[in-house]
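These are my notebook entries on one protein model. I looked up its overall layout, its surface and its core.

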Amino acid sequence: IESPRAMALEVRLLNNRGAQLLAGILQVSEGLYQQEINLLGYEKGTYTLQILDGADVTNLELKYE
């Protein structure tokens, strides 16, 4: 993701039924930020990564094959 400023982001990983599997807070700096999410141990399929910045929600689709 690319952040316009330093901020805290809430991150949630949801399965294809909308159930929350993981949640956390990321402290990001201005600029590009990358975070790896390890899906080992989860079923193969499509997941949604929600990124909340307090005002907006961004949903990213992740495919685990």
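Entry 1, contacts. I began with contact range: residues 24 or more positions apart account for 39% of the contacts with a separation of 6 or more, a contact being heavy atoms within 4.5 Å.

Entry 2, basis. I noted that the model is predicted, that local features need pLDDT of at least 70 and side-chain atom pairs pLDDT 80 or more, and that totals for chains, interfaces and linings use all residues. Residues are numbered from 1 along each chain as its sequence is written, and side-chain values use heavy atoms, with hydrogens and water left out.

Entry 3, layout. I found six strands and zero helices, in the order β-β-β-β-β-β; these are DSSP runs, at least two residues (E) for a strand and at least four (H or I) for a helix. The C-alpha atoms fill a box of roughly 35 × 20 × 15 Å along the principal axes.

Entry 4, surface. I recorded an exposed area of about 4800 Å², 46% of it from carbon and sulfur atoms, by the Shrake-Rupley method with a 1.4 Å probe. Of the 65 residues, 26% are buried, meaning under 20% relative accessible area.

Entry 5, core. I listed the largest nonpolar core (buried nonpolar residues joined through side-chain atoms within 4.5 Å) as M7, L9, V11, L26, V28, L49 and I51. Strands β2 (7–14), β3 (20–28) and β5 (45–52) each give two or more residues to this core, and β2 supplies the largest share, three residues. Leaving out residues up to four places away in sequence, I saw that L9 touches I1, G24, I25, L26, V28, I51, L52 and D53.

How values were computed
Buried means under 20% relative accessible area, exposed over 50%, partly exposed in between (1.4 Å probe, protein chains only).
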